[in-house]
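These are my notebook entries on a single protein model. I record what I looked up, topic by topic.

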Amino acid sequence: MIIDQIGEVGEGIYMLGHPAVPIFLVDGDRPALFDAGLALLGPEYARQIRQVLIDRQPAWCFLTHSHFDHCGALGYLKDQFPKMKVVCSSKAVAVFDRPNAVALIADLNRFASGMASDFGVDPGQTSFTLFNIDVTASEGDCFNISSDQTVQVMETPGHTWDFLSYYIDHNKVLVASEALGTPDETGYIVTDCLVDYDVHLQSMQRLNTLDVETLCLGHICALTGSHAARHMVDSISQSRRFRHMVEQLLDQEKGDIQSVMKQIKAYEWDGKTGLRQPEPAYLLNLKARIKTVHRKWEKRRHDAT
Ligand SMILES: [Zn+2]
């Protein structure tokens, strides 16, 4: 099933906030949040968390990566749920230690507050605030949600270097976020490989070996059953298609990244209806996505001469 509405997406598994920028909650003795979305949606996340947990608090918030739309409301949620422990990779900690990176996270959250009416919330009611990280996690670490639910940490770089995916074997839940592609409403999948093409592909191939019943993506929807399995395969195919498209455009434009950017933006962003990623964030990502292919393209040309 493709689930693009907020609510329970599997037994005790909830997609909260807004499907465009969701956070996930897995209930148990020690309830776990996955990611912390946009600052703008902080009060909405908290309200919906309380609808599920009533007077209990999340015990954990597992961050997949340090992007502005995955950690934006974390400061707010920590204030609301002070018992919650924040978990992320040591590489994400290093990002949060850099003042320039934090300023960019705050800026992009401020820009996104212009989308308040799209999300049906009041603009400017919360802004990004910094938070403390309680636990750094790495490959193979395990955290208990309940006696039979354990969160396993998988290092799956490629979208970013600091990326962690989380797998709960008991109910076959995979929080892959943007380690896998993000579909838009037409079904087109954006594979957001920002740092290294081969590393990203390897991470997707590794995730594709898991037995997954509920797949929690970074944006737009959660997928269950055969849709989850198909999305993992489709993300891998789309990654190869994107690489091919960029390589052809680089040939055509003689390596001019700006020209290639313009053409891909026209193809996958300009004509898109509905809720879109904020333009500055899209452009930052698009340039990085093209550069990961450009590096391979240049190397191939260099090797051929
Ligand atoms: Zn991201």
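**Entry 1: the sheet.** In what order do the seven strands of the open sheet run? I worked from a predicted model. I read the order as 2-3-4-5-6-7-8, with mixed pairing. At the edges I found strand 2 (7–10) and strand 8 (135–136), each of which pairs on one side only.

I then took the pairs around strand 4. Strand 3 (residues 13–16) is antiparallel to strand 4, and four bridges join them. I noted V26 in strand 4 as the bridge partner of I13. The hairpin of strand 3 and strand 4 has six residues between the strands, and within this hairpin G17 takes a positive phi near 95°. Strand 4 and strand 5 are also paired in the antiparallel sense, over three bridges, and a hairpin of five residues joins the two. Here I found F24 opposite F34 of strand 5. Strand 5 (residues 32–34) and strand 6 (residues 60–62), by contrast, pair in the parallel sense over three bridges; W60 in strand 6 is the bridge partner of A32.

Is strand 4 covered on one face or on both? Side chains in a regular strand alternate between the two faces of the sheet. In strand 4 (residues 23–26) I found I23 and L25 buried on one side, and F24 and V26 buried on the other, which leaves both faces covered.

**Entry 2: positive phi values.** I next looked for backbone angles out of the ordinary, given that most residues other than glycine have a negative phi. D35, which is not a glycine, has a positive phi of about 70°. D35 sits in the loop between strand 5 and helix 1 (42–53) and is buried, because its relative accessibility is 4%, under the 20% limit. I54 also has a positive phi, near 55°. I placed I54 in the loop between helix 1 and strand 6; with a relative accessible area of 59%, I54 counts as exposed.

**Entry 3: D192.** I located D192 in the loop between strand 14 and helix 7 (197–207). Is D192 buried or exposed? It is buried, because a relative accessible area of 6% falls under the 20% limit. The side chain of D192 makes a polar contact with that of N285, at 3.3 Å. Neighbours within four places in sequence aside, I listed G158, H159, E178, H200, N285 and R289 as contacts of D192.

**Entry 4: helix 9.** Where does helix 9 (residues 257–270) bend? I found a bend of about 30° at I264. At the N-terminal end D256 acts as the cap, with a side-chain oxygen 3.0 Å from the backbone nitrogen of Q258. The buried residues of helix 9 include I257, V260, M261, I264 and W269. I traced the packing of the buried residues to strand 14 (189–190), helix 8 (225–252) and helix 10 (279–304).

**Entry 5: cavities.** How many cavities of 30 Å³ or more does the structure hold? I counted two. The largest has a volume of about 430 Å³. Its lining consists of 25 residues, and T182, H219, K272, R276 and Q277 lie nearest the centre. The elements giving two or more residues to this lining are helix 2 (68–71), strand 13 (182–183), helix 9 and helix 10. Helix 9 and helix 10 thus appear in two entries: buried residues of helix 9 pack against helix 10, and both helices contribute to the lining of the largest cavity.

Methods
Residues are numbered from 1 along each chain as its sequence is written. This is a predicted model: local features need pLDDT of at least 70, side-chain atom pairs count only at pLDDT 80 or more; totals for chains, interfaces and linings use all residues. Side-chain values use heavy atoms; hydrogens and water are left out. The bend at a residue is the angle between axes fitted to the seven residues ending there and the seven starting there. Buried means under 20% relative accessible area, exposed over 50%, partly exposed in between (1.4 Å probe, protein chains only). Contact means heavy atoms within 4.5 Å. A polar contact is a pair of N or O atoms within 3.5 Å; within protein, one must be able to donate a hydrogen and the other to accept it, and residues adjacent in sequence count only if both atoms are side-chain atoms. Two strands pair if DSSP finds at least two bridges between them. On a 1 Å grid over the protein atoms alone, a cavity is a set of points where a 1.4 Å probe fits but cannot get out, and a pocket is an open set with protein on both sides within 12 Å along at least five of seven lines; lining residues have an atom within 4 Å of a point. Grid points are joined across faces, edges and corners, and a volume is the space filled by probe spheres set on the points.
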